[in-house]
Amino acid sequence: MIADLKDALRTLWKSPAFTLIAIATLALGIGSSTAIFSVLDAVLLRPLPYPNQDRLVEVSELNEAGRGMAFTEPNFNDLATRNRSFEAVATYTRSSEAVAGATEPVRIDTAGVSADFFRVLGVRPPLGRLISPVTLREGNRVAVVCHGCWK
């Protein structure tokens, strides 16, 4: 086996172009495999950072083409009032907004959520209070800010 290893090293030493291509191919293969596994691990394999994450489901409507789409507000309200299968239901819509920063405007990711959103996820704020149905019925606009934005 040592003789085979010496012969392989001698062959690689005699053809440096082939050796560099082989090393580069191995490096690209190992690097891309590591990157793909890291993304799959973060997205699919790790549990969500919420209590009872095995009980969370996402429900969507289907359009004429059979693709999922977000609930319209009247349909969501019907689902919430006629719900007998879920403990609670919530809705959210994601967007990106410009917010005045300390020196210049900053673009941040935002989400418009319904009153039960945080109750569904089972999270509590370390400071302050969350959105309540009463607050929303009164027509008040409410913002829940993450720790990083608050600082």
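Is Arg55 buried or exposed? Arg55 is exposed, with a relative accessible area of 56%. The legends below place this residue and others within a predicted model.

**Figure 1. Overall view of the predicted protein.** The protein contains six helices and four strands. Read from the N terminus, these elements follow the order α-α-β-β-α-β-β-α-α-α. The radius of gyration is 26 Å, well over the 15 Å that the globule rule gives for 151 residues, so the protein is more spread out than a compact globule. Its C-alpha trace spans about 80 × 45 × 35 Å along the principal axes. Of the 151 residues, 9% are buried.

**Figure 2. Salt bridge between Glu87 and Arg55.** The closest N and O atoms of this pair are 2.9 Å apart. Glu87 belongs to the loop between α3 (73-82) and β3 (92-100), while Arg55 belongs to the loop between α2 and β1 (61-62), so the salt bridge ties together parts that are 32 residues apart in sequence. Glu87 counts as exposed, because its relative accessibility of 65% is over the 50% cut-off. The whole structure holds four salt bridges.

**Figure 3. Helix α1 and its salt bridge.** Helix α1 covers residues 2-14, and its end C-alpha atoms are 18 Å apart, in agreement with the 18 Å expected for 13 residues at 1.5 Å a residue. The helix is hardly covered, since none of its 13 residues is buried. Within α1, Arg10 and Asp7 lie three residues apart, about one turn of the helix. Their side chains meet in a salt bridge, with an N to O distance of 3.6 Å. Arg10 is partly exposed at 45% relative accessible area, and Asp7 is partly exposed at 42%.

**Figure 4. Nonpolar surface patch that includes Leu40.** The patch is formed by Ile36, Phe37, Val39, Leu40, Val43, Leu44 and Leu45, which together have about 740 Å² of accessible area. Leu40 is located in helix α2 (residues 16-45). With 40% relative accessibility, Leu40 counts as partly exposed.

**Figure 5. Aromatic cluster of Tyr92, Phe117 and Phe118.** The structure has two aromatic pairs. In one of them, the ring centres of Phe117 and Phe118 are 5.3 Å apart and the ring planes stand at 90 degrees, so this pair is edge-to-face. Phe117 and Phe118 are both buried. Ring pairs join these two residues and Tyr92 into a cluster.

**Figure 6. Salt bridge between Arg119 and Asp116.** The two side chains meet at an N to O distance of 3.7 Å. Arg119 counts as exposed at 54% relative accessibility, whereas Asp116 counts as partly exposed at 25%.

Notes
Residues numbered from 1 in each chain as written. Predicted model: local features only at pLDDT ≥ 70, side-chain atom pairs only at ≥ 80, totals over all residues. Heavy atoms only, no water. Patch = residues over 30% accessible without salt bridge, like charges linked within 9 Å, V, L, I, M, F, W, Y side chains within 5 Å. Areas by Shrake-Rupley, 256 points an atom, 1.4 Å probe, with all protein chains shown as cover. Helix = DSSP H or I, 4+ residues; strand = E, 2+ residues; numbered from the N terminus. Buried < 20%, exposed > 50% of the residue type's maximum accessible area, 1.4 Å probe, protein only. Expected span 1.5 Å × (residues − 1). Phe/Tyr/Trp six-rings, centres within 6.5 Å; stacked < 30°, edge-to-face > 60°. Rg over C-alpha atoms; globule rule 2.2 N^0.38 Å.
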